[in-house]
Amino acid sequence: KHIALLAAEFPVVCSTPNYDAFQGVDCVYSNESRAASRVLENLRAQGHRRITWFGLVDTHTPRDNYLHNLGDLCDMDSFVGVLGGRYATWSHLVLGRLDHSDEMQLLLRERDWRTHSLPDVIAQAVDDILAQPARPTAIVVPTVIMGTTLIAELAKRGLCVPKDMSIVGYGMVAEAAASRPQMTVVATPM
(Lines give C-alpha, C1' and ligand atoms only; values in the text may rest on other atoms or scores of the structure.)
Protein backbone atom coordinates (compact mmCIF):
# COMPACT_ATOMS: atom_id res chain seq x y z
CA LYS A 1 0.00 0.00 0.00
CA HIS A 2 2.70 2.50 1.00
CA ILE A 3 4.91 1.68 -1.99
CA ALA A 4 1.96 2.19 -4.34
CA LEU A 5 1.25 5.60 -2.78
CA LEU A 6 4.90 6.62 -3.06
CA ALA A 7 5.11 5.35 -6.64
CA ALA A 8 2.21 7.59 -7.62
CA GLU A 9 4.31 10.61 -6.60
CA PHE A 10 7.97 9.60 -6.92
CA PRO A 11 10.17 7.00 -8.60
CA VAL A 12 10.74 4.16 -6.12
CA VAL A 13 14.08 2.39 -6.06
CA CYS A 14 14.54 -0.73 -3.94
CA SER A 15 17.78 -2.46 -3.13
CA THR A 16 18.66 -5.58 -1.20
CA PRO A 17 17.40 -4.94 2.32
CA ASN A 18 19.77 -4.98 5.28
CA TYR A 19 17.25 -6.75 7.45
CA ASP A 20 14.73 -9.59 7.22
CA ALA A 21 11.72 -7.77 5.84
CA PHE A 22 9.92 -10.83 4.56
CA GLN A 23 8.02 -13.55 6.41
CA GLY A 24 9.79 -16.89 6.22
CA VAL A 25 13.14 -15.59 5.00
CA ASP A 26 15.92 -17.23 6.95
CA CYS A 27 18.78 -14.93 6.00
CA VAL A 28 19.44 -11.83 3.94
CA TYR A 29 23.07 -11.39 2.89
CA SER A 30 23.68 -7.71 2.30
CA ASN A 31 26.56 -5.54 1.24
CA GLU A 32 26.58 -4.05 4.75
CA SER A 33 27.20 -7.46 6.32
CA ARG A 34 29.97 -8.22 3.85
CA ALA A 35 31.59 -4.80 4.33
CA ALA A 36 31.48 -4.90 8.14
CA SER A 37 32.90 -8.44 8.17
CA ARG A 38 35.73 -7.30 5.93
CA VAL A 39 36.53 -4.42 8.29
CA LEU A 40 36.50 -6.79 11.26
CA GLU A 41 38.80 -9.25 9.48
CA ASN A 42 41.18 -6.41 8.59
CA LEU A 43 41.27 -5.16 12.19
CA ARG A 44 41.83 -8.66 13.58
CA ALA A 45 44.69 -9.16 11.10
CA GLN A 46 46.25 -5.97 12.49
CA GLY A 47 46.00 -7.43 16.02
CA HIS A 48 42.99 -5.45 17.27
CA ARG A 49 40.75 -7.21 19.76
CA ARG A 50 39.10 -4.24 21.56
CA ILE A 51 36.97 -2.60 18.89
CA THR A 52 34.27 0.05 19.23
CA TRP A 53 31.72 0.52 16.45
CA PHE A 54 30.72 4.19 16.80
CA GLY A 55 27.84 5.91 15.02
CA LEU A 56 25.43 8.81 15.28
CA VAL A 57 21.68 8.80 14.79
CA ASP A 58 20.75 12.32 13.76
CA THR A 59 17.31 13.64 14.62
CA HIS A 60 15.53 16.70 13.23
CA THR A 61 17.62 16.80 10.06
CA PRO A 62 16.22 18.34 6.87
CA ARG A 63 15.57 14.73 5.77
CA ASP A 64 13.45 14.11 8.88
CA ASN A 65 11.36 17.20 8.12
CA TYR A 66 10.80 15.94 4.59
CA LEU A 67 9.74 12.51 5.83
CA HIS A 68 7.47 14.06 8.45
CA ASN A 69 5.62 15.86 5.65
CA LEU A 70 4.86 12.48 4.02
CA GLY A 71 2.60 11.78 7.01
CA ASP A 72 1.10 8.29 7.00
CA LEU A 73 3.51 7.04 4.37
CA CYS A 74 6.36 6.79 6.87
CA ASP A 75 6.50 5.08 10.23
CA MET A 76 8.72 7.62 12.01
CA ASP A 77 9.09 5.42 15.09
CA SER A 78 10.91 2.75 13.10
CA PHE A 79 12.89 5.11 10.86
CA VAL A 80 16.56 5.01 11.88
CA GLY A 81 18.11 7.08 9.14
CA VAL A 82 20.27 6.45 6.12
CA LEU A 83 22.78 4.48 8.20
CA GLY A 84 20.19 2.24 9.84
CA GLY A 85 21.25 -0.84 7.87
CA ARG A 86 24.88 -0.26 8.80
CA TYR A 87 24.04 0.12 12.49
CA ALA A 88 21.84 -2.99 12.43
CA THR A 89 24.76 -4.94 10.95
CA TRP A 90 27.10 -3.58 13.63
CA SER A 91 24.59 -4.57 16.32
CA HIS A 92 24.54 -8.09 14.96
CA LEU A 93 28.36 -8.25 14.95
CA VAL A 94 28.64 -6.97 18.52
CA LEU A 95 25.60 -8.46 20.24
CA GLY A 96 24.86 -11.57 18.20
CA ARG A 97 28.29 -13.09 17.78
CA LEU A 98 29.12 -16.55 19.00
CA ASP A 99 32.87 -15.93 18.97
CA HIS A 100 33.73 -13.80 22.01
CA SER A 101 37.45 -13.59 21.30
CA ASP A 102 37.09 -9.83 20.74
CA GLU A 103 36.00 -7.20 23.23
CA MET A 104 33.65 -5.30 20.94
CA GLN A 105 31.13 -2.67 21.82
CA LEU A 106 28.53 -0.65 19.95
CA LEU A 107 28.38 3.05 20.77
CA LEU A 108 25.46 4.83 19.11
CA ARG A 109 24.83 8.43 20.06
CA GLU A 110 21.70 10.40 19.25
CA ARG A 111 22.31 13.92 17.99
CA ASP A 112 19.72 16.65 17.54
CA TRP A 113 20.87 18.17 14.27
CA ARG A 114 19.44 21.59 15.23
CA THR A 115 21.24 22.02 18.55
CA HIS A 116 24.29 19.74 18.78
CA SER A 117 27.35 20.12 16.61
CA LEU A 118 29.26 17.09 15.36
CA PRO A 119 32.44 18.06 17.28
CA ASP A 120 30.48 18.46 20.54
CA VAL A 121 28.79 15.06 20.28
CA ILE A 122 32.05 13.37 19.32
CA ALA A 123 33.83 15.06 22.26
CA GLN A 124 31.21 13.60 24.62
CA ALA A 125 31.63 10.16 23.06
CA VAL A 126 35.42 10.39 23.42
CA ASP A 127 34.89 11.12 27.14
CA ASP A 128 32.94 7.84 27.40
CA ILE A 129 35.50 5.90 25.36
CA LEU A 130 38.48 7.14 27.36
CA ALA A 131 36.73 6.46 30.69
CA GLN A 132 36.57 2.73 29.94
CA PRO A 133 38.93 0.56 31.97
CA ALA A 134 40.05 -1.24 28.79
CA ARG A 135 40.14 1.36 26.03
CA PRO A 136 39.45 0.22 22.49
CA THR A 137 42.46 -0.11 20.24
CA ALA A 138 40.32 0.61 17.17
CA ILE A 139 37.16 2.60 16.46
CA VAL A 140 35.05 2.01 13.34
CA VAL A 141 33.02 4.96 12.02
CA PRO A 142 30.42 5.17 9.23
CA THR A 143 31.61 8.40 7.56
CA VAL A 144 34.87 10.18 6.82
CA ILE A 145 33.71 13.41 8.49
CA MET A 146 33.05 11.50 11.71
CA GLY A 147 36.46 9.85 11.45
CA THR A 148 38.41 13.06 10.88
CA THR A 149 36.48 14.82 13.66
CA LEU A 150 37.23 11.90 15.98
CA ILE A 151 40.94 12.00 15.06
CA ALA A 152 41.04 15.74 15.84
CA GLU A 153 39.31 15.22 19.20
CA LEU A 154 41.70 12.44 20.19
CA ALA A 155 44.64 14.71 19.26
CA LYS A 156 43.26 17.38 21.61
CA ARG A 157 43.44 14.74 24.37
CA GLY A 158 47.08 13.96 23.54
CA LEU A 159 46.39 10.70 21.70
CA CYS A 160 48.03 9.94 18.37
CA VAL A 161 46.21 8.08 15.61
CA PRO A 162 47.14 5.36 14.70
CA LYS A 163 49.85 4.90 17.38
CA ASP A 164 47.50 5.08 20.38
CA MET A 165 44.23 4.18 18.69
CA SER A 166 43.20 3.29 15.14
CA ILE A 167 40.26 4.93 13.40
CA VAL A 168 38.85 3.14 10.37
CA GLY A 169 35.90 3.43 8.02
CA TYR A 170 34.90 1.60 4.90
CA GLY A 171 33.60 2.13 1.42
CA MET A 172 34.64 5.80 1.22
CA VAL A 173 38.02 5.50 -0.49
CA ALA A 174 37.93 8.73 -2.53
CA GLU A 175 36.64 10.80 0.42
CA ALA A 176 39.28 9.35 2.73
CA ALA A 177 42.12 10.03 0.30
CA ALA A 178 41.10 13.70 0.14
CA SER A 179 40.51 14.09 3.90
CA ARG A 180 42.81 16.01 6.22
CA PRO A 181 43.96 14.38 8.34
CA GLN A 182 43.90 11.42 6.01
CA MET A 183 41.76 8.58 7.29
CA THR A 184 42.18 4.84 6.81
CA VAL A 185 39.33 3.03 5.10
CA VAL A 186 38.91 -0.56 4.04
CA ALA A 187 37.94 -0.79 0.37
CA THR A 188 34.92 -2.99 -0.14
CA PRO A 189 33.81 -4.44 -3.48
CA MET A 190 30.13 -3.59 -3.49
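Hi everyone, let me start with one glycine. Leaving aside its neighbours within four places in sequence, G55 is in contact with Y87, W90, L107, L108, R109, P142 and M146. Before going on, please keep in mind that what you see here is a predicted model.

So where does G55 sit? It belongs to strand β1. And is G55 buried or exposed? Its relative accessibility is 0%, and buried means under 20%, so G55 counts as buried. There is also a long-range relation to point out: G55 and E110 lie 55 residues apart in sequence, yet their C-alpha atoms are 8.7 Å apart in space.

Now let's step back to the sheet around that strand. It is an open sheet of five strands, paired in parallel, and the order is β2-β1-β3-β4-β5. Which strands form the edges? They are β2, residues 103-112, and β5, residues 184-186, and each of them pairs on one side only. Going from one strand to the next, the twist averages 30°.

Let me zoom in on one pairing. Strand β1 covers residues 50-59 and strand β3 covers residues 138-140; the two run parallel, and three bridges join them. If you would like a landmark there, look for W53, which stands opposite V140 in β3.

Next, the helices on the sheet. Helix α2, residues 31-45, packs on the sheet and touches β1, β2, β3, β4 and β5. Its direction makes about 155° with that of β4, the strand at 166-170. Helix α4, residues 84-95, packs on the sheet as well, touching β1, β2, β3 and β4. In this case the direction of the helix makes about 150° with that of β1.

How do α2 and α4 sit relative to each other? Their axes come within 9 Å and cross at roughly 50°. The two helices are therefore oblique to each other, and the crossing is right-handed.

Which residues meet there? From α2 we have E32, S33, A36 and L40, and from α4 we have G85, R86, T89, W90 and L93. Sorted by character, the residues of this contact divide into four nonpolar, three polar and two charged.

You may recognise one name from the beginning. W90 of α4 takes part in the meeting with α2, and W90 is also one of the contacts of G55. So that brings us back to our glycine, buried in strand β1. Thanks for listening!

Methods: Residues are numbered from 1 along each chain as its sequence is written. This is a predicted model: local features need pLDDT of at least 70, side-chain atom pairs count only at pLDDT 80 or more; totals for chains, interfaces and linings use all residues. Side-chain values use heavy atoms; hydrogens and water are left out. Two strands pair if DSSP finds at least two bridges between them. Helices (H or I, at least four residues) and strands (E, at least two) are DSSP runs, numbered from the N terminus. Axes are lines fitted to C-alpha atoms, for helices over the stretch in contact, and angles run from 0 to 180 degrees between N-to-C directions. Contact means heavy atoms within 4.5 Å. Angles under 35 degrees count as roughly parallel, over 145 as roughly antiparallel, 65 to 115 as roughly perpendicular and the rest as oblique. A crossing is left-handed if the near helix is turned anticlockwise from the far one by less than a right angle, and right-handed if clockwise. Ala, Val, Leu, Ile, Met, Phe, Trp, Tyr, Cys and Pro count as nonpolar, Asp, Glu, Lys and Arg as charged, and the others, Gly among them, as polar. Buried means under 20% relative accessible area, exposed over 50%, partly exposed in between (1.4 Å probe, protein chains only).
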